[in-house]
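Student: I would like a close look at one part of this model, namely the cross-links between cysteines and what surrounds them. Please take it step by step and keep to what the coordinates show.

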Amino acid sequence: MAKLVMLLVLCILPAIAVAARRGSIGKNTMVVEGRTYCDTCKFGFETPESSYFIPGATVKLVCKHRQTMEEVYSDVAVSDKKGNYKFVVHDDHKDEMCDVMLVKSSDKSCAKISVGREQSRVILNHYSGIASQIRHANNMGFEKDVSDIFCSALFQKYMVDADEDDIKSHL
């Protein structure tokens, strides 16, 4: 009897704990995750000194048929306090092109959608060779209308090969 109890404690209870911790993602479900940020210096990329994540930004996931370009799926999400957003997709979209795109910033001082960083393509099918059910979209950015005052020094830091005329024309 003691061996049976020991078997239960060592084998079955840990299996139940692992299964309970896994969450409720089904076999055919995929999760799209990404982040929204503000580019305070209009660099077109993120830096620790010149960008911050935007909570409350609205993003949209749109899937279109590859041949007709007809929209066949869409969903909207809002980023959390760390700028992260998440879509849970229950269907396979193997014949479709799916993009996550910026819709609206919650930060009025950083509301302009950054060209080239406004959308991210994601693959939402199980026949792509991707083993994980998690799909990561590239971070997408908004920018301020006017660059912050410290941006010229940062521009010089990140553009070490640029000459002085390039720096002045950018700012």
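Are Cys63 and Cys98 buried or exposed?

Tutor: Cys63 and Cys98 are both buried. The model is a predicted one, and what follows should be read with that in mind.

The two cysteines form a disulfide with their sulfur atoms 2.1 Å apart. Cys63 sits in strand E3 and Cys98 in strand E6, so this link joins distant parts of the chain, 35 residues apart. The angle about the S-S bond is 115°, and the link of Cys63 and Cys98 is right-handed.

Strand E3, which holds Cys63, covers residues 58–65 and runs antiparallel to strand E4, residues 71–78, with seven bridges joining the two. One of the pairings sets Val59 against Ala77 in E4. E3 and E4 make a hairpin with five residues between them. In the turn, Met69 has a positive phi of about 60°.

At the other end of the disulfide is strand E6, which holds Cys98. E6 spans residues 96–104 and also contains Asp99. The side chain of Asp99 meets that of Arg121 in a salt bridge, 2.9 Å from N to O. Arg121 belongs to strand E8, residues 119–122, and the two partners are 22 residues apart. Asp99 has a relative accessible area of 10%, which is under 20%, so Asp99 counts as buried.

The Cys63 link is part of a larger set: the structure holds three disulfides. With bonded cysteines counted along the chain, the pattern is 1-5, 2-6, 3-4.

Next comes the pair Cys38 and Cys110, a disulfide with sulfur atoms 1.9 Å apart. Cys38 lies in strand E1 and Cys110 in the loop between E6 and E7, so the disulfide ties together parts that are 72 residues apart in sequence. The link of Cys38 and Cys110 is right-handed, with 105° about the S-S bond. Cys38 and Cys110 are both buried.

Cys38 also leads to strand E10, because this cysteine of strand E1 stands opposite Phe142 in E10. E1 and E10 run parallel and are joined by four bridges. Ile113 likewise stands opposite Phe142 in E10. E7 and E10 pair in the antiparallel sense over two bridges. Both faces of E10 are covered: Met140 and Phe142 are buried on one side, Gly141 and Glu143 on the other. In a regular strand the side chains alternate between the two faces of the sheet.

Glu143 has a further partner, since its side chain meets that of Lys112 in a salt bridge of 3.5 Å, N to O. Glu143 lies in strand E10, residues 140–143, and Lys112 in strand E7, residues 112–113, so the pair ties together parts that are 31 residues apart in sequence. The two ends differ in accessibility: Glu143 counts as buried at 11%, whereas Lys112 counts as partly exposed at 43%.

The remaining disulfide joins Cys41 and Cys151, with sulfur atoms 1.9 Å apart. The link of Cys41 and Cys151 is left-handed, with -80° about the S-S bond. Cys41 is in the loop between E1 and E2 and Cys151 in helix H2, 110 residues apart. Both of these cysteines are buried.

A salt bridge connects the loop and the helix as well. The side chains of Lys157 and Glu49 meet at 2.5 Å, N to O. Lys157 is in helix H2, residues 151–158, and Glu49 in the loop between strand E1 (30–39) and strand E2 (51–53), 108 residues apart. Lys157 is partly exposed at 47% relative accessibility, and Glu49 is partly exposed at 33%. This bridge, like those of Asp99 and Glu143, belongs to a set of four salt bridges in the structure.

Technical notes
Residues numbered from 1 in each chain as written. Predicted model: local features only at pLDDT ≥ 70, side-chain atom pairs only at ≥ 80, totals over all residues. Heavy atoms only, no water. Pairing = 2+ DSSP bridges. Buried < 20%, exposed > 50% of the residue type's maximum accessible area, 1.4 Å probe, protein only. Disulfide = S-S within 2.5 Å.
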